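Me: I should like to learn how to read the main features of a protein model. Could you guide me through one?

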Amino acid sequence: MIKSKARITAIGSYVPERRLTNDDLEKMVETNDQWIVQRTGIKERSVANEDEFTSDISYKAVKNLMERYDKSVDDVDMIIVCTLTPDFKTPSVASYIQAKLGIRNTGAMDLNVACAGFTYGLYVANGLITSGLNKKVLVIGAETLSKVTDYTDRTTCILFGDGGGAVLVEYDEKQPSFISSHLGSEGEKGNSLYSTNLSNTMNGKNLIGNGNIVQNGREVYKWAVTTVPKGIQSVMKNTSIELENVDWFVPHSANLRMIESICEKSGFPIEQTLYSLVNYGNTSAASIPLSLDKAVREGKIENGNKILLYGFGGGLAQAGLLIEWTI
């Protein structure tokens with residue numbers, strides 16, 4: 001990895017006020033709190049109102065960032081919104097955010113890598129700044145998964161929630177955040193986790209779901225607990241830092257049992273692992289920034305901490321980043 005010239009300088013988040021608890025789900029499908037917690041670790045999740053969309057969540061996450069860190073975004077020259085649930089096919093959520101924030105001279109694009117979206121977004125932001133193309137980038141991970149969830153399917157409706165997080169990435173040659181990375185994708189396994197759009201076939205097979213999320217949980221689990229530990233090794237091979245010297249591990253908050261298995265296979269202590277799924281559920285591209293900001297608010301993360309971020313999911317795609325926290 002080329003020496004970075006980009007630093008994460010601020011973070012913010014937002015989740016909708018409306019809550020959907022496991023007890024609420026008991027009234028909707030054949031399930032119960034004990035069954036859900038035992039298999040996923042999730043107790044509740046945030047759900048957007050009917051008139052609340054990914055752009056609204058993204059905007060509020062950025063406003064939270066601005067207020068907490070006294071940051072201006074007037075000179076942001078690129079906005080990257082990582083999401084699989086955009087308000088529209090076009091315009092992008094990023095363009096919509098540009099207008100809501102009143103930023104005049106900025107690029108704007110959406111990035112859809114599902115649950116690996118936020119780590120991909122950070123990877124792109126680092127590349128843009130380190131190359132000299134941009135100076136100040138907003139990276140947002142936000143989802144309204146409740147709008148593409150089938151609440152008659154008890155295997156998926158217990159998982160997903162809504163929310164968003166945002167970070168500001170700025171040019172800083174002296175104190176960069178980005179240390180090492182690893183990316184990958186196995187599109188041949190895309191049928192294991194999808195949401196249909198214009199096409200109803202993939203890899204020669206017919207799809208179902210009518211736009212809602214469809215998941216083969218067993219196959220995704222097997223893929224994640226095998227692939228992510230190997231990916232962690234690849235991230236660490238690209239640096240002189242040992243895994244035991246990493247302060248925090250922040251995986252995509254898919255499922256607590258999955259995270260526990262990944263930690264066991266990679267040799268990283270679960271006690272130093274940050275996740276947001278207990279109260280927010282699986283929020284796809286939003287889960288890692290929500291986990292980070294939750295830890296920041298709780299005073300767990302300190303400047304100088306080495307943090308391993310790892311997104312994985314739909315695609316089936318993955319992206320791991322080792323960063324130094326220097327806000």
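Reply: The turns that follow take up the overall form, the salt bridges, a sheet and the nonpolar cores of this predicted model.

Me: How many helices and strands are there in the protein?

Reply: The protein has nine helices and 15 strands. Its radius of gyration is 18 Å, close to the 20 Å that the globule rule gives for 327 residues, so the protein is as compact as a globular protein of that length. The C-alpha trace spans about 55 × 45 × 40 Å along the principal axes. Of the 327 residues, 57% count as buried. Among contacts with a separation of 6 or more, 75% are between residues 24 or more positions apart.

Me: How should I read the salt bridges, and how many does a search of the whole structure find?

Reply: Side chains of opposite charge can pair when their charged atoms come close. Here the search yields 14 salt bridges. One of them joins the side chains of Arg7 and Asp172, at 2.8 Å from N to O. This pair links distant parts of the chain, 165 residues apart: Arg7 belongs to strand 1 (residues 6-14), while Asp172 is in the loop between strand 7 (162-171) and strand 8 (178-185). Both Arg7 and Asp172 are buried.

Me: Which parts of the chain does the salt bridge between Asp75 and Lys136 tie together?

Reply: In this salt bridge the closest N and O atoms of Asp75 and Lys136 are 2.8 Å apart. Asp75 lies in the loop between helix 3 (54-69) and strand 4 (78-82), and Lys136 lies in strand 6 (residues 136-144), so the bridge ties together parts 61 residues apart in sequence. Lys136 counts as buried because its relative accessibility is 9%, and the cut-off for buried is under 20%.

Me: Where do Glu219 and Lys222 lie?

Reply: Both are in helix 6 (residues 217-237), three residues apart, which is about one turn of the helix. Their side chains meet in a salt bridge of 3.4 Å, N to O. Glu219 counts as partly exposed, with a relative accessibility of 32%, and Lys222 also counts as partly exposed, at 46%. Elsewhere, a network of salt bridges links Arg68, Asp293 and Arg297.

Me: In what order do the four strands of the open sheet lie?

Reply: Strands of a sheet pair through backbone hydrogen bonds, either parallel or antiparallel. In this open sheet the order is 8-15-14-13, and the pairing is mixed. Strand 8 and strand 13 (248-251) are the edge strands, each pairing on one side only. From one strand to the next, the twist averages 10°. Strand 13 and strand 14 (residues 306-313) run parallel and are joined by four bridges; Trp248 has Ile307 in strand 14 as its bridge partner. Helix 6 lies across strand 8, strand 13, strand 14 and strand 15 (317-324), and runs at about 145° to strand 14.

Me: Which residues touch the most other members of the largest nonpolar core?

Reply: In soluble globular proteins, nonpolar side chains tend to be buried together. The largest nonpolar core here has 38 residues, and those touching the most other members are Ile232, Phe249, Ile262 and Phe312. Helix 6, helix 7 (256-266) and strand 14 each supply at least two residues of this core. Helix 6 gives the largest share, eight residues. Beyond its neighbours within four places in sequence, Ile232 is in contact with Leu243, Phe249, Ile262, Ser266, Leu308 and Tyr310. Another core, of 36 residues, lies apart from the largest one and includes Val139, Ala295, Ala317 and Leu321.

Note on methods. Residues are numbered from 1 along each chain as its sequence is written. This is a predicted model: local features need pLDDT of at least 70, side-chain atom pairs count only at pLDDT 80 or more; totals for chains, interfaces and linings use all residues. Side-chain values use heavy atoms; hydrogens and water are left out. A salt bridge is a side-chain nitrogen of Lys or Arg within 4 Å of a carboxyl oxygen of Asp or Glu. Buried means under 20% relative accessible area, exposed over 50%, partly exposed in between (1.4 Å probe, protein chains only). Two strands pair if DSSP finds at least two bridges between them. Axes are lines fitted to C-alpha atoms, for helices over the stretch in contact, and angles run from 0 to 180 degrees between N-to-C directions. Contact means heavy atoms within 4.5 Å. A nonpolar core is a set of buried Ala, Val, Leu, Ile, Met, Phe, Trp, Tyr and Cys residues joined through side-chain atoms within 4.5 Å. The radius of gyration is taken over C-alpha atoms; the globule rule is 2.2 Å times the number of residues to the power 0.38.
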